Amino acid sequence: MRRRPDEDREGELTSTGPKEWAAGVPAVAHALEYSLSQTSPKRTALTLLNMNQVDGIDCPGCAWPDPAPGHRHANEYCENGAKHINDEATSRRVTAEFFAEHPVSELGERSDKWLNQQGRLTEPMVKRPGSEHYEPISWTDAFGLVAEELRSLDSPDEAAFYTSGRVSNEAAFTLGLFARAFGTNNLPDCSNMCHESSGFALHETIGTGKGTVSLLDMEHADLIFVVGQNPGTNHPRQLSALEAAKLRGARIVAVNPLPEAGLRRFKNPQKPRGVIGAGVEIADHFLQIRLGADIALFQGLNKLLLEAEDAAPGTVLDRAFIESSTSGFDDFAAHVRAVDLDDVSTLTGLGREEIRAVADEVLRSDRIIVCWAMGLTQHRHAVPTIREIVNFLLLRGNLGRLGTGACPVRGHSNVQGDRTMGIWEQMPDEFLDALQQEFGFDPPRHHGLDAVGTIHAMLEDEVKVFVGVAGNFVRAAPDSTATEKALRRCRLTVQVSTKLNRSHTVCGETALILPTRSRTERDLQDGGEQFVTVEDSMSDVHSSYGRLTPASPLLLSEVAILSRLARATLGERVPVDWASFETDYGIIRDHISRVVPGFHDFNHRIAEPGGFTLPNPVNEGVFPTSTGTAQFSVNEGSPPDVPEGHLLLQTLRSHDQWNTVPYTDNDRYRGIHGDRRVVMVHTDDLSALGLTEGDRVDVVSIADDGQERRAEGFRVVPYPTPRGSAAAYYPETNVLVSLGSVAETSNQPAYKSVVVRLEPVTAGT
Ligand SMILES: Nc1nc2c(c(=O)[nH]1)N[C@H]1C(S)=C(S)[C@@H](COP(=O)(O)OP(=O)(O)OC[C@H]3O[C@@H](n4cnc5c(=O)[nH]c(N)nc54)[C@H](O)[C@@H]3O)O[C@H]1N2
Ligand SMILES: Nc1nc2c(c(=O)[nH]1)N[C@H]1C(S)=C(S)[C@@H](COP(=O)(O)OP(=O)(O)OC[C@H]3O[C@@H](n4cnc5c(=O)[nH]c(N)nc54)[C@H](O)[C@@H]3O)O[C@H]1N2
Ligand code: SF4
Ligand SMILES: [Mo]
């Protein structure tokens with residue numbers, strides 16, 4: 001992608017190293033600064049005071065749960081949640097005149113940040129074949145156009161419907177129903193790129209793809225692992241839970257290649273102690289691990305636990321649990337016993353004593369939780385790594401008891417709910433049977449395409465219509481060049497969006513923008529004012545009521561868009577009363593209550609303050625695997641070999657972005673300001689490579705296909721990351737991740753495991 005010169009730059013690059021602590025007064029100030037740059041003080045106050053309250057707006061940020069009703073602060077949000085909600089509530093507007101002024105080719109050269117800053121989309125727009133501009137189109141004509149394209153396909157599988165995790169349960173259920181009534185399971189989603197590896201590993205081993213931990217468990221754990229996660233930036237209120245755990249004497253182990261601010265100290269902005277004091281030290285042990293070495297670490301810990309049991313039989317392992325509730329122990333134990341702790345030390349870069357100290361901590365703890373996020377899921381061997389963590393938990397019976405469990409910390413606010421509602425290309429037969437029973441049509445049974453599969457299929461001309469409901473597919477996906485090419489080959493691309501992003505500028509032959517109301521906005525329908533529901537990372541289902549006036553009178557809700565699209569496409573082909581969906585979302589919830597397990601009496605139970613929690617079989621002592629027991633596993637896997645002169649690159653989020661959308665060029669907690677095109681490298685690696693701070697380089701990756709991929713014009717920043725590893729921001733670096741670089745079995749892109757070299761850019765080239 002060409003960038004327009006300098007439009008992005010907020011100042012000179014400065015880099016002062018990672019901060020020692022997260023949150024506190026500066027966080028509040030930064031949140032207000034960004035909010036007020038987007039919208040008025042009145043709208044800011046309206047959004048913030050309603051955020052995460054009972055009957056309020058669910059934060060559109062991450063999926064961290066809210067405390068129980070009665071235990072919430074008046075300001076139950078974090079700095080970044082405040083930024084996300086006001087980014088959505090912005091007063092800026094993208095109008096038809098804007099599109100008349102800016103041809104698509106010009107928009108394609110703009111940065112992600114600039115596109116987002118233009119504000120909220122206001123009316124449906126179409127880009128017709130051969131045209132350089134988007135122009136207005138009526139809603140009726142827009143639905144007619146999509147319906148005609150869909151109906152003209154040779155097979156329903158030539159269409160794919162992408163979802164991102166901000167979509168409500170009601171809209172997600174409607175979309176899944178529409179896709180299947182149309183005849184396809186092609187339902188790729190952001191989860192394919194996010195926690196797919198967690199879902200696969202957990203499903204195989206404990207029989208459910210969801211985490212087993214609640215906030216109550218966090219209140220009772222003795223030891224909490226935070227692995228491959230940067231909560232200070234990405235799940236800031238998790239720090240409140242960790243702080244509370246620390247204050248009552250729990251211990252915390254953080255495992256991360258980077259000394260992330262939130263893992264060190266936390267100054268809680270809601271408590272006087274946090275505002276004026278030194279804050280609370282979060283991690284008792286900080287294991288600065290090499291990229292991709294977590295599998296070795298947990299195998300090392302598991303071996304040490306087995307050895308401790310040998311030394312004092314009957315005191316370390318939960319033998320009764322292992323015998324009654326698990327299988328595969330002997331094979332697992334034999335495998336782990338053969339692990340060499342010196343190898344673990346070399347692979348992880350951690351001292352044997354450090355690892356032993358953590359094993360001792362484990363031996364002293366009766367109740368253990370392991371939390372993780374993208375630092376584990378975005379590697380080729382992500383699934384075996386997470387299975388090894390399940391082994392670790394099973395050894396001492398740390399599943400199904402209060403204060404214990406597996407905690408994959410989800411990203412988008414409703415990414416887990418979307419899955420529950422049927423957004424998955426591989427939904428099990430029981431779900432499809434229930435759909436058939438409820439609606440009287442026969443849903444397709446063959447699996448559909450996931451995110452990476454959809455890109456391959458578009459490149460092969462097997463998928464010709466792409467519909468994106470929320471998200472920014474072209475920037476979230478790996479291999480930006482291939483993904484752009486894939487989308488441009490489509491006959492039709494459709495984006496249902498709140499804000500302008502690059503996916504609107506990478507068009508099929510015909511392209512549509514269908515703008516939608518956001519969850520911050522009031523949703524008045526014929527049946528009265530509507531609310532939507534979401535499910536957070538701990539399986540709590542609750543409502544979200546919009547409060548603001550919609551950004552434009554021409555906007556439709558997501559439910560209205562999807563149900564009208566279904567009606568226009570399918571007519572009377574399936575016996576579904578689509579029109580009723582839009583009138584009253586309670587009708588959709590009634591359908592959900594009969595199709596989706598755990599949702600009986602949905603409308604009644606959602607009216608309770610705080611909603612309700614979905615049952616988790618593991619917490620009821622049931623492991624719904626093929627054997628009916630939890631499964632120990634034998635795991636292999638390691639990061640890729642890195643040739644001499646190369647580095648292993650992880651691509652990650654700055655403190656000031658929401659996924660593909662950078663808000664500013666700053667990453668406050670990492671001390672980096674003024675530029676996002678930076679690559680963080682250990683000082684000794686910089687010297688070995690003959691580079692010095694601020695040098696300009698191209699980052700070049702070499703994939704299995706032998707092809708070079710290049711991200712141009714990055715500046716090197718010395719940073720305390722382990723030797724041999726590097727870090728740079730997403731989505732600027734997605735161009736480097738090949739389509740073939742995916743996790744085994746889950747097919748999730750390995751965004752945190754890219755072999756690169758840094759090529760100095762000499763003046764004049
Ligand atoms: N403000 C903000 N909040 C967000 C988001 C956002 O963009 N902005 N995005 C949301 C979404 S969708 C998601 S999925 C989550 C993501 O939440 P995170 O997973 O915290 O996000 P990343 O920025 O990808 O950070 C990954 C972390 O893992 C570490 N890591 C990388 N590789 C390894 C490894 O091999 N081993 C270990 N142990 N650690 C490793 C990195 O150093 C980094 O600290 O955040 C959600 N919340
Ligand atoms: N290199 C690299 N790539 C990654 C990752 C990584 O760590 N490294 N992380 C991956 C992960 S974990 C994820 S989850 C994906 C994220 O991928 P996506 O979910 O596809 O991307 P987002 O940036 O969250 O999408 C932002 C856009 O969503 C739209 N939007 C926001 N709110 C709403 C709404 O309420 N309704 C509608 N209809 N639209 C809305 C806006 O138009 C906005 O521009 O990226 C993945 N890609
Ligand atoms: S922790 Fe997550 S859900 Fe909570 S306010 Fe912050 S961004 Fe929103
Ligand atoms: Mo995510």
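A polar contact is taken here as a pair of N or O atoms within 3.5 Å. On this basis, and in a model that is predicted, ligand 1 is contacted through both backbone and side-chain atoms of the protein. An oxygen atom of ligand 1 lies 2.8 Å from a polar backbone atom of Asn 230. The side chain of Lys 752 places an N or O atom 2.8 Å from an oxygen atom of ligand 1, and the side chain of His 84 has an N or O atom 3.5 Å from a nitrogen atom of this ligand. In isolation ligand 1 would expose 920 Å², of which the protein buries 99%. Two or more residues of the surrounding shell come from each of α3 (79-88), α11 (231-234), α20 (374-377), β25 (647-652) and β26 (657-658).

The shell around ligand 1 comprises 33 residues, with Asn 256, Glu 260, Gly 292, Asp 294 and Asn 659 coming nearest. Its composition by class is 12 nonpolar, 17 polar and 4 charged residues. Both domain 2 (196-408) and domain 3 (647-760) contribute residues to this shell, and ligand 1 therefore lies between them. Asn 659, one of the residues that come nearest to ligand 1, is situated in the loop between β26 and β27 (661-662). The backbone of Asn 659 has a phi near 50 degrees, a positive value in a residue other than glycine. In general, most residues other than glycine have a negative phi.

Ligand 2 occupies a separate setting. Domain 1 (93-194 + 414-608) and domain 3 (647-760) both supply residues to its shell, so ligand 2 lies between these two domains. There are 29 residues around ligand 2, and those that come nearest are Tyr 162, Ser 164, Glu 558, Thr 660 and Asn 734. The shell divides into 11 nonpolar, 13 polar and 5 charged residues. Polar contacts to ligand 2 include side chains of domain 3 (647-760). A nitrogen atom of the ligand is 2.6 Å from an N or O atom in the side chain of Asn 734, and a nitrogen atom is also found 3.1 Å from an N or O atom in the side chain of Arg 653. The side chain of Tyr 730 has an N or O atom 2.7 Å from an oxygen atom of ligand 2. Taken alone, ligand 2 exposes 930 Å², and the protein buries 97% of that area.

Tyr 730 is also part of a backbone feature. The peptide bond from Tyr 730 to Pro 731 is cis, with omega near 10 degrees. Most peptide bonds, by contrast, are trans. Pro 731 is located in the loop between β32 and β33 (754-760).

The strands β32 and β33 that flank this loop also take part in a closed barrel of 6 strands, which runs β25-β32-β29-β31-β30-β33 with mixed pairing. From one strand to the next, the twist averages 45 degrees. Within the barrel, β25 pairs with strand β32 (residues 725-729) in the parallel sense over 5 bridges. One of the bridge partnerships joins Leu 648 to Ser 725 in β32. Strand β25 thus belongs to the barrel and is also among the elements that give two or more residues to the shell around ligand 1.

An open sheet, likewise of 6 strands and with mixed pairing, has the order β6-β5-β18-β17-β16-β7. Its edge strands are β6 (135-136) and β7 (159-163), each of which pairs on one side only. Strand β17 (residues 492-497) and strand β18 (residues 510-515) pair in the parallel sense over 6 bridges, and Leu 492 has Thr 510 in β18 as its bridge partner.

The surroundings of ligand 3 are formed by Asn 52, Cys 59, Cys 62, Trp 64, Tyr 77, Cys 78, Gly 81, Pro 236 and Arg 237. By class, this shell consists of 6 nonpolar, 2 polar and 1 charged residues.

Conventions. Residues are numbered from 1 along each chain as its sequence is written. Chains are lettered from A and ligands numbered from 1 in the order in which they are written. This is a predicted model: local features need pLDDT of at least 70, side-chain atom pairs count only at pLDDT 80 or more; totals for chains, interfaces and linings use all residues. Side-chain values use heavy atoms; hydrogens and water are left out. A residue is near a molecule or strand if one of its heavy atoms lies within 4 Å of it. A polar contact is a pair of N or O atoms within 3.5 Å; within protein, one must be able to donate a hydrogen and the other to accept it, and residues adjacent in sequence count only if both atoms are side-chain atoms. Accessible areas come from the Shrake-Rupley method with a 1.4 Å probe; for residues, only the protein chains shown count as cover. Ala, Val, Leu, Ile, Met, Phe, Trp, Tyr, Cys and Pro count as nonpolar, Asp, Glu, Lys and Arg as charged, and the others, Gly among them, as polar. Domain bounds come from an automatic or database domain assignment. Helices (H or I, at least four residues) and strands (E, at least two) are DSSP runs, numbered from the N terminus. Two strands pair if DSSP finds at least two bridges between them. Axes are lines fitted to C-alpha atoms, for helices over the stretch in contact, and angles run from 0 to 180 degrees between N-to-C directions.
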